[in-house]
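Got your viewer open and a selection box ready? Load the model below and we'll walk through it stop by stop.

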Amino acid sequence: MKHSYQPTCTLEVMRARATMYTQIRQFFAERNVLEVETPVLSQAGVTDVHLASVSAQRHVEGKLQIHYLQTSPEFTMKRLLASGSGPIYQICKVFRDDEHGRKHNSEFTMLEWYRPGFSLLDLMHETTALLNICLVQRFGEMRPVVISYKHAFQDRLDINPLQASVKLLKDTANRLGINLDLGDDRLAYIDLLFSHFVEPSLGFDAPVFLTDFPPELASLAKVKTDEDGEQVAARFELYIEGLELANAYDELIDSKVLRERFEADNTERCTLGLPVMPIDENLLTALQYMPECSGIALGIDRLLMIATRQMRLENVITFPAQIA
């Protein structure tokens, strides 16, 4: 019987985590990718309406300020890239308010790395090489497959999410037994269908790189035209056994476009009654000096879940939020 002061993971899993960190550091050292460290607290917060930052009060030069715990080290790492760092990676803690459950904890560990001059395909190859080190004891050599977001929907639901109307998306959800009224929020219906009927099926025969997302989901990625002439976001996500492990972008370096996205996010936040977030002006200034690159964020805790055959995140971290 466990006592409340004890960790929720075993000593064996703690050792597996330590081994994984060693493997990751050796992997990047061999490729001359520099390990860096950036601040956890920032004056600017993420504007994405689907992410909630954890805020904290602190005094800076005697003045009380509200700062934000990072949801990702992305903004500060891009400032390093713009300053001439070259390829970099970081293993760090990140925070997302009120995210708890089988696959979530409001504090978790992220591996993030950036590769100037790399295409998304280059980054897929490098990610595969890392997976084949960290997961070799469980799977042996893995050969991921690449599937577009559109084709994943068409294969499973026979609809094109890039073109589907709100009515078609709602009718599809109703036909499949989900009767939620999400109004005219097209993206909410797409996310509902994806989370219930597409995502859970991904990555069981082989890891899946899911590519070419709807342009509305570009976030900090570039937008491009796919083979059918449709606008898509130049990004991919990695799935193994229905679990999203990583999110990668062909990084947007146009500060004007990015400012427009941040401002659109804050407008939507106002509409939804969410707090408006301060925009990172340092990032926007830095983008004019940032090299073309691809970047990826990978959840260490979820990777450890796969490596150790655990079904719950609490089984691979020492103290989840409920007992921290």
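What follows is a tour of selections to make, with a note on what sits at each one. Keep in mind that this is a predicted model.

**Stop 1: the largest core**

Start by selecting Ile-24, Phe-28, Tyr-89, Leu-111, Trp-113, Phe-236 and Leu-303: these have the most contacts inside the largest nonpolar core, which counts 39 residues. Now colour the elements that feed this core. At least two residues each come from helices H1 (11–30), H3 (120–134) and H10 (300–308), and likewise from strands S5 (88–95), S6 (107–116), S10 (231–240), S11 (243–250) and S12 (293–299). As background, nonpolar side chains tend to be buried together in soluble globular proteins.

Next, centre on Tyr-89 and show what surrounds it. Leaving aside residues within four places in sequence, Tyr-89 contacts Ile-24, Arg-25 and Phe-28, then Val-33, Leu-34, Glu-35 and Val-36, and also Met-77, Leu-111, Glu-112 and Trp-113.

A second core lies apart from this one: it has 22 residues, including Ile-159, Ala-173, Tyr-189 and Leu-210.

**Stop 2: strand S5 and its partners**

Select S5 and colour by accessibility. How many of its eight residues are buried? Seven are, so to speak of S5 as mostly covered is fair. Then bring in the strands that pair with S5. S6 runs antiparallel to S5, with eight bridges between them; pick Ile-91 and you'll find Leu-111 of S6 as its bridge partner. Strand S1 (residues 34–35) runs parallel to S5 and is joined to it by two bridges. There, Leu-34 stands opposite Ile-88 of S5.

While S6 is on screen, click Glu-107, which belongs to that strand. Glu-107 is partly exposed, at 34% relative accessible area. Setting aside residues up to four places away in sequence, Glu-107 touches Lys-93, Val-94 and Phe-95. For a sense of scale, draw a distance from Glu-107 to Arg-156: their C-alpha atoms are 33 Å apart, with the two positions 49 residues apart along the chain.

**Stop 3: where two helices cross, H1 and H3**

Hide the strands and keep H1 and H3. Their axes come within 10 Å and cross at roughly 145°, and the crossing is right-handed. To see the side chains involved, select Met-20, Gln-23, Ile-24, Phe-27 and Phe-28 on H1, which meet Glu-126, Ala-129, Leu-130, Ile-133 and Cys-134 on H3.

**Stop 4: a second crossing, H5 and H7**

Move on to H5 (residues 149–157) and H7 (residues 186–198), whose axes come within 11 Å and cross at roughly 65°. H5 passes H7 in a left-handed crossing. On the H5 side the contact involves Tyr-149, Ala-152, Phe-153, Arg-156 and Leu-157, and on the H7 side Ile-190, Leu-193, Phe-194, Phe-197 and Val-198.

**Stop 5: two basic residues on those helices**

Stay on H5 and pick Lys-150. Is Lys-150 buried or exposed? With a relative accessible area of 3%, Lys-150 falls under the 20% cut-off and therefore counts as buried. Show the side chain of Glu-230 as well: a polar contact of 2.7 Å joins it to the side chain of Lys-150. Beyond its neighbours within four places in sequence, Lys-150 is in contact with Ile-159, Asn-160, Pro-161, Leu-162, Asp-226, Asp-228 and Glu-230.

Over on H7, select Arg-186. Its relative accessible area is 18%, so Arg-186 is buried too, given the 20% limit. Among residues over four places away in sequence, Arg-186 touches Pro-161, Leu-162, Gln-163, Ala-164, Val-166, Leu-169 and Glu-216. Try the distance to Val-166: 20 residues along the chain, but 5.2 Å from C-alpha to C-alpha.

**Stop 6: Asn-174**

Asn-174 lies in helix H6 (residues 166–175). This residue is partly exposed, at 31% relative accessible area. Draw a line to Arg-143: the two are 31 residues apart in sequence and 36 Å apart in space, C-alpha to C-alpha.

**Last stop: a small open sheet**

Finish with S2, S3 and S4. What order do the three strands take in the open sheet? The order is S2-S4-S3, with antiparallel pairing. S2 (41–42) and S3 (54–60) are the edge strands, each pairing on one side only. Between S2 and S4 (residues 63–69) there are two bridges, and Leu-41 has Leu-69 in S4 as its bridge partner.

Conventions. Residues are numbered from 1 along each chain as its sequence is written. This is a predicted model: local features need pLDDT of at least 70, side-chain atom pairs count only at pLDDT 80 or more; totals for chains, interfaces and linings use all residues. Side-chain values use heavy atoms; hydrogens and water are left out. A nonpolar core is a set of buried Ala, Val, Leu, Ile, Met, Phe, Trp, Tyr and Cys residues joined through side-chain atoms within 4.5 Å. Buried means under 20% relative accessible area, exposed over 50%, partly exposed in between (1.4 Å probe, protein chains only). Helices (H or I, at least four residues) and strands (E, at least two) are DSSP runs, numbered from the N terminus. Contact means heavy atoms within 4.5 Å. Two strands pair if DSSP finds at least two bridges between them. A polar contact is a pair of N or O atoms within 3.5 Å; within protein, one must be able to donate a hydrogen and the other to accept it, and residues adjacent in sequence count only if both atoms are side-chain atoms. Axes are lines fitted to C-alpha atoms, for helices over the stretch in contact, and angles run from 0 to 180 degrees between N-to-C directions. A crossing is left-handed if the near helix is turned anticlockwise from the far one by less than a right angle, and right-handed if clockwise.
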